[in-house]
Amino acid sequence: MHAVGIVAAAGSGLRLGAELPKALVPLGGRPLVCWAVESLRAGGVEQVVVAVPASQQAAFTAVLPGDVHVVVGGDTRTASVRAALATAREHASDQERTAVLVHDAARPLTPPDVVARVLAALAGGARAVVPVLPVVDTTVVVDADGVVTADVPRAPLRRVQTPQGFERATLMAAYAHAHGTAAEFTDDASVVRAAGIPVQTVAGDERAAKITVAHDLRMAELQTERPR
Ligand code: CTP
Ligand code: MG
């Protein structure tokens, strides 16, 4: 199965608060986006498209390998993935079933094994698959005053990571279905589920954690300093 990777790297990283867009922030001396591209490739993805902020195209092109395709992203993650998906379509051959793996630049230390598990599930016939982890903390619902109103049974809950994998035609159809709706999506599996397509799960990995705030970057730095 031919595998195309899309890296969503067009965010600004407001919560991280760095001077650079988050995907260009260095970890162990290398921009986060380079780590994300590398783990997709190490896990079996052949061709990578990266969505970047419009104002930073040159900076991204300068740090990414020459065979990575750079496209301008959008105002939301969904818009950025949509822009990259248009390019992924042009690149892929129509002869073969194609997998599209959508990954956050903000998950630099994702082990290639996670990528490989997602690809294996697609090769096994899944149309959509996400890596997940269990919820370990007690989880509750609060009201507007912060008062706990309910406990949430935690056993069926999962935290969803990336890369999220899709059969290309399924993802394209789901994005077409979502176009023009007011719904806001925080990941690609929710776009696919909104089109009525079931989403399978495989085991995620704590090392695929997303870098959101400065503490997350410090934790990632510690991991890169030690043997993994
Ligand atoms: N992303 C994107 N295009 C956007 C917004 C986000 O490609 N318009 C990407 C980010 O670059 C990131 C991933 O989606 O790799 C996950 O988003 P998030 O962690 O929220 O990153 P940012 O939006 O950059 O951060 P913040 O929300 O703190 O500004
Ligand atoms: Mg964001």
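What volume does the largest pocket have? In this predicted model, the volume of the largest pocket is about 740 Å³. Allow me to begin there and then turn to the ligand.

Lining the largest pocket are 28 residues, and those nearest its centre are G11, R15, K22, R77 and K210. By class, this lining comprises 9 nonpolar, 11 polar and 8 charged residues.

Ligand 1 sits in this largest pocket. Around ligand 1 there are 18 residues, with A8, L14, R15, S80 and K210 the closest. The shell divides evenly by class, into 6 nonpolar, 6 polar and 6 charged residues.

I now come to individual contacts. An oxygen atom of ligand 1 lies 2.6 Å from a side-chain N or O atom of K210. For R15, a polar side-chain atom is found 2.8 Å from an oxygen atom of the ligand. A106 contributes through its backbone, where a polar atom is 3.3 Å from an oxygen atom of ligand 1. As for coverage, ligand 1 on its own has 560 Å² of accessible area, and the protein covers 86% of it.

Let me close with the second largest pocket, which holds about 250 Å³ of space. Its lining consists of 13 residues, and T76, T78, A183, E184 and F185 are the ones nearest its centre. Which helix supplies the largest share of this lining? That is helix 3, residues 77-91, with 4 residues. In terms of class, the lining of the second largest pocket has 4 nonpolar, 6 polar and 3 charged residues.

Definitions and conventions: Residues numbered from 1 in each chain as written. Chains lettered and ligands numbered in written order. Predicted model: local features only at pLDDT ≥ 70, side-chain atom pairs only at ≥ 80, totals over all residues. Heavy atoms only, no water. Near = heavy atom within 4 Å. Polar contact = N/O pair within 3.5 Å; in protein donor to acceptor, adjacent residues only side chain to side chain. Areas by Shrake-Rupley, 256 points an atom, 1.4 Å probe, with all protein chains shown as cover. 1 Å grid on protein atoms, 1.4 Å probe; cavity = no way out; pocket = protein on both sides within 12 Å on 5 of 7 lines; lining within 4 Å. Sits in = over half its atoms within 2 Å of the grid points. Nonpolar A, V, L, I, M, F, W, Y, C, P; charged D, E, K, R; others polar. Points joined across faces, edges and corners; volume = space filled by probe spheres on them. Helix = DSSP H or I, 4+ residues; strand = E, 2+ residues; numbered from the N terminus.
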